[in-house]
Amino acid sequence: MDMITIPAVNLSPILPEIFLSVLAMALLLINVFVPGKQKSYLGYISFIGVVVAGVLACAGWGTPVESFSGSVIQDNFATFFKIIFLVSAGLVILIADQYMEREECNHGELYPLILFTVVGMMLMAAGTDLMTIFLGLEVMSVSLYVLAGFNRANLKSNEAGLKYFLLGAFSTGFLLYGMALTYGATGTTRIAKIATAVGQMSVPSTNIMLVAGMLLMLTGFAFKMAAAPFHMWTPDVYEGAPTPMTAFMSAGPKAAGFAAALRVFLVALPTLQVEWSQVLWVLAVLTMTIGNITALRQDNIKRMLAYSSIAHAGYALVGFAAGNSTGTAGILFYMLSYAFMNIGAFAVIILIGKKGETNGNVMDFAGLGFRHPVLAVAMSVFLFSLAGMPPTAGFIGKFYLFSGAVQKGYVGLAIIGVLNSAASVYYYLRVMVYMYMKEPTEDFEWTQVSAPIALSLLISVAGSLIPGIVPSFILQYAEQAIKLI
Amino acid sequence: MFDNVWLIPLFPFIGFLINGLLGKKIKNETVIGGIGAFAVLCSFIVSCMTILNLLSLPGEERVANVKLFTWITSGHFNADIAFLIDPLSCVMIMIVTGVGFLIHLYSIGYMHGEEGFYRFFAYLNLFMFSMLLLVLGNNLLLMFVGWEGVGLCSYLLIGYYFHKKSAGDAGKKAFVMNRVGDFGFLLGVFTLFWYMGQNHNIWTIQFTELAANSHLLPTGGVVTVITLCFFVGATGKSAQIPLYTWLPDAMEGPTPVSALIHAATMVTAGVYMIGRMNYLFIRSPETLMVIAVVGACTALFAATIGTAQNDIKRVLAYSTVSQLGYMFLAMGSGAFAAGIFHLMTHAFFKACLFLGSGAVIHSMHHALHHAHSHDDAQDMRNMGGLRSKMPLTFLTFLLATIAISGIPGFSGFFSKDEILWQAFSNPHHGQLNYLLWGMGAVAAGLTAFYMFRLVFMTFFGECRITPKAKDHLHESPMVIVIPLIVLAALSVVGGYIGLPKVIGELFGGIPNYFEHYLEPVFRLSEEYMAQHAALGAEHHSATLEWGLMGLSVLIALFGIGVAFTMYVMNTELPKRFVATFPALHRAVYNKWYIDELYDYLFVNPCKALGRFLWKGFDVVVVDGAVNGVANVVMAFSGVFRFLQSGYIYNYAWSMAFGVVVILGYYVFK
Amino acid sequence: MENVNSYLIVSAILFSIGTIGVLTRKNAIVIFMCVELMLNAVNLTFVALSRHLGNLDGQIFVFFVMTVAAAEAAVGLALMIAFYNNKESIDVEDVNIMKW
Amino acid sequence: METLFFLIITLVAIVSAILVTTCKNPINSALALVMTFFCLATYYVMLDAPFMAAVQVMVYAGAIMVLIVFTIMLLNIRVDASKKHSHKVVLGSIIGFFTLVNTAFIVIKGHVASPNGPLTGEMIRQQGHTELIGREMFTNFLLPFEITSILLLVAIVGAVILAKKKI
Amino acid sequence: MSNHLLSLTTFLPILGVLLLLFIPKDSKGVLRGVALTVTVVTFLVSLPILTGFQTNADFQFTENVPWIAAGPFAMRYNVGIDGISLWLVILTTFIMPLAVLSTWTAVEEKVKEYMICLLLLETGMLGAFISLDLFLFYIFWEVMLIPMYFIIGIWGGKNKIYAAVKFFIYTMVGSLLMLVALIFLYFKGLEAGFTNFGLVQFFDLRLDPATQTWLFLAFALAFAIKVPMFPLHTWLPDAHTEAPTAGSVILAAIMLKMGTYGYVRFALPLFPDAAHRFTPLIATLAVIGIIYAALVAMVQEDVKKLVAYSSVAHLGFVMLGIFAFNTQGITGGMLQMLNHGVSTGALFLIVGFIYERRHTRLITDFGGLSKQMPIFATVFMIVTLSSIGLPGTNGFVGEFLVLVGSFESELRWWTVIASSGVILSAVYMLWMFQRVMFGELDNPKNQKLADLNAREIAIMVPLIALIFIMGVYPNPFIEKMDPAIQKLIARTKPVGQTAQQMPAMQGLPAGHPAMSGSAATSVEQAVPAVANPNEVK
């Protein structure tokens, strides 16, 4: 019997993942061995770690390297998404501490779990094997189940965790079945080989097993993106989860879902584009419409933003349905700017909120505009960006997404999209109405803005505005990222 | 040689600016009034020089365009600020500035002590300015500027006592009615401009150019449309049926205003406009007929109303409407010169009448004021026997009344008779002529009746106010009386420049100077008539003319007689008459309910429609649709919300459902 | 050896039964078990396909699925316990504070 | 013979699977699930994957099910409460039925790729299934294998965070 | 051209905003002063644009630098003005100081934020007028909404929130559809070999009629909402009624012009065939708007709402003129835009004046104010007359040219109906004026009203001067815009009209029977005599 010789592997493509994993483990140990209630130092360390990981990720820009015999790749596409994940994680780490302390659940494990989630998402983006993607997704999901239920003394948090878990597991079943069928139809799990195998089929769309596999995988990813009708978990989980985690979930996993789906569909199954475009067309319409319309009647701002997040998945799906470089580059850009604006909005919600997840209604923003003008202006920037008003990043993102659809010939989709954005304006404006146009019902018991949150707000505002005014550089990166898959 | 013609409108404008901007600071009435009157006097002098200049030219050359600057140029549309000097406009500026000056003078006395004295003179000067623009403008648009400008001033001056609701209403009514006319005027301009440009590539609205190219126009057809449009404008401005109702109401303004604007000048603008564009109107027999019929009807109709009014100024107002009807009858009969002639004589005697009535009212008001009586100073039933108190006023008033009644030898006789004759003898309306003449003659009789009724009620009999007040009645100051005298004199002699042909021949071939003078203006019409031999005048004998003349004089005398009987001899008679025909009297007294009819037909439906469109359509339908969409979306929002039941199995079901549908579609496609 | 399709059909049946279980049961643990049933059905597919295709990818995948199942079980049951601690129930009909 | 065996196993698997979804008592469901797992292990053996069968028994039936049963005991869960949501059962069954129709149709109609690997029953028996798996896992699928370690770590940390009495 | 005048004008208010940020919010006087100074300086800076403007059809003061380039898109910072936008730019910079001045005492709370909003608004509006890049235009077009939304929503009246949200969403719906059309158009341009969003090149892109139709409809909808045209006007009365004075002034004077400007600059030349095809529809809506708004205005009880509806009617005239597709019509439309800016702006200021004094705008609460406030009465009167288009005031010239132009075009019958609007406008404006200013001064609250103060007079004097200047001597205005309008008309010729017919066509409505045979030759000879000196190139 021969020894198994483990092949020489190039670790450089997964350097950020390795770094973050090691850091996370180290933090776990530090947390155990350094006693004390105060855990914010872990946040600082992990923020620095995220920045370092960002640097490591960026270092690989422009030099695609495959490793682990083709189960992972470092390409611009992966790098771009890694940056998105790191941005969301970094911002969330900055806003987490104040909230966690207020809610008395500032366990030190929070930060390692966030970092592990990032590792999982990165693997989803970088994976070139269905197994890698699946495992990355599971690492991410399992961490998120825990994060959603992190405030275990809070029933809402428990419920959020449980719902997320049960539905997530259920969707995993479909995803896996899809992967199995794809495996069956193509004989491999490597994305590149799938592409080859599909390329050899005369008419791939007639192989129902392949199509079904593709569709089932799509449903699995759609669950992570929170696309209708797989979105139902979103409002409840977002509402119940600790607010920083909600912010994180709305930005990171959604992007990760898109990353994986984009990789699988664009690289492995481009020949089935007609089919998946059709499905995505429908899903995009459903998602946008349901998200936006339901959000109109929400009073709880977290829940409202949850529906808004569904709607945003819908917008991104518009670009995905188009499947061309404009649309997909739009997704990349949009996911990045969405991370900024959405986490920024959640940061403000954290500041307004009070212990026990109270004071989280739209009405509680009444009078903010003139009591805390800076905060209100920041919130307005986020909301306008979410609503897609120029000159914010949200507008440019939507512009590219819808342009993709138009370029592809899906003018109808683009029109439904813009009508949806018009409807969405209502509920974003509603917050502003309360902030600026209503008198406060009670005085704000003002908790001081901690430095990390201030920093995250600053970054978020910059991230929502600057790409709106000079979007070229990010768009060009997104273009490059799209080209290389 | 007419280079300084622009000074004519300029002086009043300067007067307007001074009084308008600084009047409040000046405060001294003499200065304010002096400035106002002097400005008009200057215009009058320049006008005199202008007409003298004009007369020094041979007949054919009596036309000149004086351009100041280009006003609007856009594409092939061009309008200048430029003045047209020709016999017609010269006559008009003479009347306007001459009568205007007298009335300004009069106003200094009449308006003494009124609040906003400066405002009055400012408006009056602005009116002069606008009126002069109207008559001098060398293109339709500039004429329209004056046209609207006088309307504005009329509005402002009617509403001079703005604290009285009736005054405000009357002003607004005048303006709106005028606007209805303007609507027609504008359409006329558009159609004319477009038609000439479109078919002959002559894009112009300038009078001389239009005249020069009028031979390109067809007879009838589009010209009828154009001229009818213009005539609608004229009915508005000149208070003809159906747009006359504003004029009686306009008596809410101070009396000099009524004299100047609502008798002598502005209301004749419609006549002037038709005269100005006679070459158009002559080309449309249909329009001429409409004009003649409307004129005759107005003359008769307004006269009937005039017989039953008790407000001294209202009687005069209806008389004005009626007299304007005459002018239109003349215009409609193709007797443009006769119409303009009547315009002029009417300006004299009607101004005199108004000013005289103003003097009476002034005096009455004064007296009643002293007696602390709240009786109406304008109601003739309160007057009577003023002859002795105000002899000069009475005399001038009487002369003017005789003039308007068409008693031979006075100006009104010549002009009115000319009109009646032309109505009878013109070649345009065939058999209709007799009817027209008849209406005119009856109206003449009615005119004589109500005018003398007025005179008798006012100046004869017993004074019907309290003795205490009576003591305060006295003759007006000289500044008021002098204009009366001048105007009375003019109304007596003014007719002699336009003697009818038969009379002229009687006196040794004195030509009709006025007609001759205006001949260049109406030459095109004459030529047109000459060309269309079919329309050539059927010859009427001089005897017939004499006969008709005598008949009309008789009718007038009959009217005077009836008035004398009813209001001097047997003052019970009117009451008995009223008792006998209560419905008729009520109808006439209430002006045939025309105002009510208009309210019912136009005003109320418009308001109701507006209210419906607002509350019913705008709010319910349009906004309802908008809010409805929003509500439907919100309703969906409510529905979608409840799909989100909170139960895991429902969520899972939704996911499974999605999977099944998506798969099913492709599996069983 | 049976035809690969037989296995695939069996797995499809098991998968559907698992789905039905998830949709109809109220007990969170039973629902989780039904999810496990679904995963097992997929595993069967993988193994059958792997055998048919003659490569081991599918079986390796199954190996990882089992790991994932274990990890999920650990976390999921922990979540249920946490929920139970607060609510004294793991009936999914009680998991509906948040709705609409 | 083999077919008969297959059919019997299939029958048992399906019946026990149905029992999983219908038993009122969670413990009974759990036991039925264990039964299903055993059936699957049998399949794996029939499919020349003895190692998978072993892992199936050990990990699933052994570890996961023990964990589940343990939790059921811990939480002292009784039978499902009597109130039935029949519409939910009906709707769920309908969707489940359609899922079955779809999936069955797919696997019947779908084209499975033709064999592309070297693996044959002969070869497995020769080389040993475990070794083959091991080789694959440590060469081609090294990265996923490493990821599982992180996954398990996360699961441990998470479970501790969520379920420990006092942190 | 190395001249950055346009950018300077446009972004000067932003500098003002930065300045304002550093001023403490309690020193209201300073805040107002700075804001006023900034707007005045902006106006002064914009004057050289006017004086330096060459009377020709070219875009001038252009600046063109790359801005965004990614994927298929290339957006440029491409600005410039021609005769059409010139006056609107000047109007904007002219109105803004007056608007700021009007808030002196009207806005006592949150002054800083208010001024910031006003200045941001100015930048947005100016930007939209100068943009020669479709994308850039869209950005500014949308940016405008935000400060206006806050102005209405924060400083507005009782029902401000409803009005603000309605305003925002209404406008948003239209403009978003325009965005889709814009993108679509861009891709059509790409097919034709264009490389960026530059507006001018798209004028030469003759799309097929079907495409044009859809794109035109999308653009037209967006602009129609902004104009606003019947039946998309219902946001306007609400927005106007609730907005503070300066908001109403800006909304009426400038923002509504965005819609009509949009037609002139974008919808017409980009999609000429479709524009011609939809002329009857748009003219019908315009005419309905004129009559309808007038009737509705007549029965309004709130002065401001009345003025708002009058805006709808006025802009109906503008639309009618624009869709006449001839020199007079479009010139009239453009003039009417300016006139409406001046007159209706002034009207809203006036309403603001009395509102500030009495805190009511109901007509029935007033009456007889003339006695108490003679200066106010005079000013009000002049503005009212300008609004009803009395000759000698600005309103007349525009309205007349519009009607002449549209009468010459195929819209003859529409013009006839529209002309009756002149009656109705007199009815509702004078009736309102009469009820407010005339009659007995019987409401005791009105008896102590103060007349206009120096500041208010200072606001009104420039407007009134302009009313008369534009009424009496409009030619300089027309001359500057004429070449651009000629070019526009040449561009909007429907397909099938050949180029050599153009000089003649200038005089004649399209496709008229008179164009055939000898008429055409005689026309050509006659043209030099009557045609405009500015020949079409």
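Into which domains is chain D divided? In this predicted model, chain D splits into domain 1, covering residues 1–80, and domain 2, covering residues 120–167. Measuring from centre to centre of their C-alpha atoms, the two domains of chain D sit 21 Å apart. Where they meet, domain 1 of chain D puts in four residues and domain 2 of chain D puts in five. On the domain 1 side of that meeting point, three residues are nonpolar, one is charged and none is polar.

Chain D also has a lot to do with chain C. Of the eight pairs of chains that touch, C and D share the most contacts. That contact draws on 70 residues of chain D and 63 residues of chain C. Several helices of chain D give two or more residues each to the side facing chain C: helix 1 (2–22), helix 2 (26–46), helix 3 (50–75), helix 4, helix 6 (129–139) and helix 7 (142–163). Helix 4 of chain D hands over the largest share, with 12 residues. Sorted by class, the side of chain D that touches chain C holds 50 nonpolar, 16 polar and four charged residues. Chain E is another story: chain D and chain E do not touch, and their nearest C-alpha atoms are 35 Å apart. Chain C and chain E have no contact either, with 25 Å between their closest C-alpha atoms.

Helix 4 of chain D, which spans residues 86–109, turns up again in a packing with helix 28 of chain B. The axes of these two helices are 9 Å apart and make an angle of about 30°, and helix 28 of chain B passes helix 4 of chain D in a left-handed crossing. From helix 28 of chain B, the residues making the contact include Trp653(B), Phe657(B) and Leu663(B), while those from helix 4 of chain D include Leu91(D), Ile95(D) and Phe98(D). Taken by class, this helix-to-helix contact has 12 nonpolar, four polar and one charged residues.

Chain B meets chain A as well, with 21 residues of chain B in contact with 27 residues of chain A. On the chain B side, helix 27 (594–643) and helix 28 (648–667) each supply at least two residues. Helix 28 of chain B gives the most, with 12 residues. The side of chain B that touches chain A comes out as 14 nonpolar, six polar and one charged residues.

A good residue for looking at this from the chain A side is Thr294(A), which is found in helix 11 (residues 273–295) of chain A. Is Thr294(A) buried or exposed? Thr294(A) counts as buried because it has 30 C-beta neighbours inside 10 Å, and the cut-off for being buried is 20 or more. Setting aside neighbours within four places in sequence, Thr294(A) contacts Tyr307(A) in its own chain, plus Ser637(B), Phe640(B), Arg641(B) and Gln644(B).

Finally, there is the nonpolar core. The largest one has 805 residues, and Ala351(B) and Leu320(E) have the most contacts inside it. Domain 1 and domain 2 of chain D both give residues to this core, so it lies between them. Not counting residues up to four places away in sequence, Ala351(B) touches Val99(B), Ile103(B), Ala259(B), Ala263(B), Ala264(B) and Leu487(B).

Technical notes
Residues numbered from 1 in each chain as written. Chains lettered and ligands numbered in written order. Predicted model: local features only at pLDDT ≥ 70, side-chain atom pairs only at ≥ 80, totals over all residues. Contact = placed C-beta atoms within 7 Å. Helix = DSSP H or I, 4+ residues; strand = E, 2+ residues; numbered from the N terminus. Nonpolar A, V, L, I, M, F, W, Y, C, P; charged D, E, K, R; others polar. Core = buried A, V, L, I, M, F, W, Y, C linked by C-beta atoms within 7 Å. Buried ≥ 20, exposed ≤ 12 C-beta atoms within 10 Å, placed from the backbone. Domains from an automatic or database assignment. Axes fitted to C-alpha atoms, helices over the stretch in contact; angles between N-to-C directions. Left-handed = near helix turned anticlockwise from the far one by under 90°.
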